[in-house]
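Dear colleague,

Please find below the structure that I am handing over to you. I would be grateful if you could keep it open while you read the notes that come after it.

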Amino acid sequence: MAKAASPGLDRILTLELVRVTERAAVAAARLRGRGDEKAADQVAVDAMRSELNRLPIQGTVVIGEGERDEAPMLYIGEEVGTGEGPGVDIALDPLEGTTICAKNLPNSLAVIAIAEKGSLLYAPDVYMDKIAVGPGYPAGVVDIDASAQENIENLAKAKGVSVGEITACILDRPRHARLIEAVRATGAAIRLIGDGDVAGVIHTTDPDETGIDIYLGTGGAPEGVLAAAALRCIGGQMQGRLQLNTEEKIARAAKMGIAEPNKVYAMDEMARGDVLFAATGVTDGNMLAGVKFGRDSIQTHTIVMRSSSGTVREIKARHQDLDKF
């Protein structure tokens, strides 16, 4: 007998989430290529917040635009929704890849995940070491504490290809110079990205389409939780370790309930239970098309997923009621 879905999350919320990311994506897309990261981020935040407050949920933002003193809206701990319906944790990034959007480069997204209350890692806004691969591999095929060479070789063996046919995605940052050198020394290829590591992790789930087999390196912890939520729905493996390398960061994390500063978090420790995830393209990318503005309509492309059912939907929408944006 099939296990019943958790009563805490109604599947109708899956499609409601699409409206949330669509509205944020359209708002940000109006400022593509304008060179103003802050303005693009702000309009996406405002649009997402407005739409979230229409949802029949008692929502708490656990991954947001920053901690309360640093973010005027959608800060960590903010309550959203109508106040009726299930209590849920929310992880969001109204504009994943602000620089990408400002420069009108590929793979900028509006992203959100929700789960039952207490199911998402309450992570401070610090860096996180990450490693991720897509579905279809044996458990433990990669390990955050193994060397780049070991991980690349183990993945190639599990995939049944030579190391030279593996491509790693890494953020193009000076801090990754040694990692990049170590990966290239194996003979594997690298796709360097300037921003947007949620998209980078998600791309590992479909290497035939995206050309990316593994994600490696250090990026934001909030983005790590969002990526883990997506992988819970699509399938894959991910590990993360918060970089709590100062007393101030350790103390801040402790206030959020993190007692082990060096703990390695598995994917299902960052995002547990029934998880819903949605992402709408702002700019054109490997998996999602960006928002397209027509004379009489707006087109959006969204992927929305649910972990309990394993359902992945792609929604290409044409919006003719332009007033809703």
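The following paragraphs set out what was found, beginning with a sheet and ending with one residue.

Please note that this is a predicted model.

The sheet is open and consists of six strands, in the order β7-β6-β8-β5-β9-β10, with mixed pairing. In general, the strands of a sheet pair through backbone hydrogen bonds, either parallel or antiparallel. At the edges of this sheet are β7 (189-193) and β10 (264-266), each of which pairs on one side only. On average, and with direction ignored, neighbouring strands of the sheet are turned by 20 degrees against each other.

One of the pairings can be followed in detail. Strand β9 (residues 237-242) and β10 run antiparallel and are joined by three bridges. Arginine 241 has valine 264, in β10, as its bridge partner.

Two helices should be viewed together with these strands. Helix α5 (residues 177-186) packs on the sheet, where it touches β6 (167-171), β7 and β8 (214-220). The direction of α5 makes about 155 degrees with that of β7. Helix α8 (residues 221-234) lies across β5 (127-133), β8 and β9, and runs at about 25 degrees to β5.

Finally, please look at alanine 27, which lies in helix α1 (residues 12-29). Is alanine 27 buried or exposed? Its relative accessibility is 16%, so alanine 27 counts as buried, the cut-off for buried being under 20%. Leaving aside residues up to four places away in sequence, alanine 27 touches Val43, Ala44 and Ala47. Alanine 110 is 83 residues from alanine 27 in sequence, and their C-alpha atoms are 9.9 Å apart in space.

Yours sincerely

How values were computed: Residues numbered from 1 in each chain as written. Predicted model: local features only at pLDDT ≥ 70, side-chain atom pairs only at ≥ 80, totals over all residues. Heavy atoms only, no water. Pairing = 2+ DSSP bridges. Helix = DSSP H or I, 4+ residues; strand = E, 2+ residues; numbered from the N terminus. Axes fitted to C-alpha atoms, helices over the stretch in contact; angles between N-to-C directions. Contact = heavy atoms within 4.5 Å. Buried < 20%, exposed > 50% of the residue type's maximum accessible area, 1.4 Å probe, protein only.
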